[in-house]
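Me: Before we begin, could you take me through some features of this protein, one at a time, and explain how each should be read?

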Amino acid sequence: MSLKYNPSSSAVSDAHWTTVFLSTRDASAEVPIDFITRPGVYLTQACFPNGVYDDIPAQTCLSDLLASGFGRIVIDLYWDNINRQFNLCPVELPPLAGNSTAGYSVDFSALSSITSTTSSALNPTEPLSAPTIDPLVKRQSGVNNTTTSISATPATTSVTSAAPIPTTTGVAGTELLELGPFKCSLDLNLDSIMSLYNDYFDQTSDTISARLHYITFNLHAASPFTAPSESANTPMQARLPRGDSLIGSQFEGNLPQDLYTPDKLQDDRDNLDKSWLEGNTDSNYFIVDHRGDDSITTDGWPGESSILLASHRRLLLSWGEVDPQMRAYDFQNDSGNVFPSDYLAIEHKVTINDEGDITSGCFYDPGVTTIGAQNSSGAYTTINNIIPSQTLQHMVQNLTACGISPMLNVTLGNLTVQNDLDAYQQFARSTVFGWASGEPRTGSQTQTTQKRANDDDEDYACAVMDSTSGYMGRWRVEPCQKQHRAACRIAEEPFAWRLSTYEVPFQSAPDACPESTTFSLPRTGLENTYLYRKIMNDSSSGGDESILSGVWIDFNSLDQTNCWVSGGPNASCPYNGPDDSEDQREVLIPTIAALIVLILTVLTLLVKCNENRRNSRTRSRRGDDGWEYEGVPS
């Protein structure tokens, strides 16, 4: 079954959150992607904690997670040795209809009266490893006493059972197999995951909607369906996937223009001048070596302005945990498409108190402002325990402010996404750095709530960092004519800040910055923390509490409402046209795809011309059969 991207209406961002997500994405666009924090979630905990693997609920759950802003998804895949495919169900499925690769010939209509064999029965001489309990899925103990009868014919095997396999009806009326503690669809597999992401990318393939995503695969062997509560056997190596059937190869074949691969990363690192530096990636975040006419790096990553908006790549794959039974998987031949474990993200230990405050492990250090000494690259922390909602949100905000991505590995409130979407949305939204709650308000909204005498002509389109107790370093909208100090970044030091010595209106902020500094804005949660602490320290040491109520940052929507840009007061919105117009959204068409369309167009024209020329020899009047290309290549 092909899954589609079909989120619940409540999962789709409203106008306010669309502005928040877009503005923070654009604020971080030049920062290498490994320093940008993103909310992550384990799909099993969010969608299948009750062991029900049903198609339509799974489609809704994953769609809602993507629509809510989760940028990292951890997916448990189970190798079904009988049907030779990766499923989300932890148990092997009985031989599927028409599937003869397992040495069976079984009709689906007879499924209720058959049972299968374990991997070892297919080849009794195949050695098995010691049983290993799957750490991610709780399995019930017990022994399945179902007996099997198998003939010796290798190509067509008759399989009978003393007891039928029970089934139940899923949400959409599809049949689910009851396999021990699990209820599993026959079609919820790797293909369905790829089809959903493919549809998601198609529906969000414009400069406003596009986001970068990560998928981490935990690789497991499925338990035999004759003993679904027991540990999985080691699959026969000859039956493991090879070539185009490898996970990364399948993604490369299905989403070739969306995938950013290890091979692509190496090519970009070998020629920075023609890759990331053209896309304005901040090279102060990594080491650059200049060799002859080329600039290279060994540790750098692209910014989203380069990988997402210039190269149109939207997906990175990596390995997570791998069961001992799956160690024979052909990782080497999949290394060109899937990043190794701990390459894209590294677990970072933190200590958190009962209030959600981080007492150790935060990357903020007032004495360290260089990347090399304060390297938060790929840092994440896994949340494994159920925490009260307000405490959890406070914790997530603090992790983001410390440069650490929060990874959710627990079922919030013991409810799935389908049953409590709001809890998961609040988790994802708590990872947004910068804007205070309810911000950025539009000019009309702000004037309605804050209008004072003589404010009629003031333009509420400029951002300040407010360090008072009510905001604690969050941003809010301020009239651009007001006077504040300006936030100035010290050259080549992303975490080092100075404030202008005098107050100015927003228009004059770039000129107010001291020498060797630039009017700027925080681009990540950690950069924001450094500026906030700088303001607090200057206020304390200088006795000037006025700076707490507002310091200009280089962020404004003067050119177009709700389009927040940096680059000073004269910066223009990159999305042309009025709000919500089609002209505002530029479709992302990869270069290769565009060339393919061009080639197909030329070939079509040639065929048409040739056909028309042939027809003109026998007809006195040309036919009226024009052609039309519709849609956008994914």
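**Strands, a helix and disulfides**

Reply: Let us start with a cross-strand pair, bearing in mind that the model is predicted: Leu177 stands opposite Cys184 in S9.

Me: How many bridges hold S8 and strand S9 together, and in which sense do they pair?

Reply: Strand S9, residues 182-185, pairs with S8 over 4 bridges in the antiparallel sense. The hairpin of S8 and S9 has 2 residues between the strands, and Gly180 takes a positive phi near 60 degrees there.

Me: What stands opposite Leu177 on the S7 side?

Reply: Thr167 stands opposite Leu177, and strand S7 (residues 167-169) is joined to strand S8 (residues 175-179) by 3 bridges, the two running antiparallel. In the hairpin of S7 and S8, with 5 residues between the strands, Gly173 has a positive phi near 90 degrees.

Me: Turning to helices, which residues of helix H6 are buried, and what covers them?

Reply: In helix H6, residues 247-254, the buried residues are Ile247, Gly248, Ser249, Gln250 and Phe251. The elements that cover the buried residues of H6 include helix H5 (190-203) as well as strands S3 (72-80), S4 (85-87), S10 (213-221) and S13 (315-322).

Me: How should I read a disulfide, and how many are found here?

Reply: A disulfide is a covalent bond between the sulfur atoms of two cysteines. A search of the whole structure gives 6 of them, and, when the bonded cysteines are numbered in sequence order, the pairing is 1-2, 3-4, 5-6, 7-8, 9-10, 11-12.

Me: Which cysteine is joined to Cys362, and is the link left-handed or right-handed?

Reply: Cys362 is joined to Cys402, with an S to S distance of 2.1 Å, and the link is left-handed, with -100 degrees about the S-S bond. The pair links distant parts of the chain, 40 residues apart, with Cys362 in the loop between strands S16 (358-360) and S17 (379-383), and Cys402 in the loop between helix H9 (389-401) and strand S18 (405-408).

Me: Why does Cys402 count as buried, and why does Cys362 count as partly exposed?

Reply: The cut-off for buried is under 20% relative accessible area. Cys402 counts as buried because its relative accessibility is 8%, whereas Cys362 counts as partly exposed because its value is 27%.

Me: What is the handedness of the link between Cys563 and Cys573?

Reply: That link is right-handed, with 90 degrees about the S-S bond, and Cys563 and Cys573 are both buried. By contrast, the link of Cys488 and Cys513 is left-handed, with -85 degrees about the S-S bond, and both of these cysteines are buried as well.

Methods: Residues are numbered from 1 along each chain as its sequence is written. This is a predicted model: local features need pLDDT of at least 70, side-chain atom pairs count only at pLDDT 80 or more; totals for chains, interfaces and linings use all residues. Side-chain values use heavy atoms; hydrogens and water are left out. Two strands pair if DSSP finds at least two bridges between them. Buried means under 20% relative accessible area, exposed over 50%, partly exposed in between (1.4 Å probe, protein chains only). Contact means heavy atoms within 4.5 Å. A disulfide is a pair of cysteine sulfur atoms within 2.5 Å.
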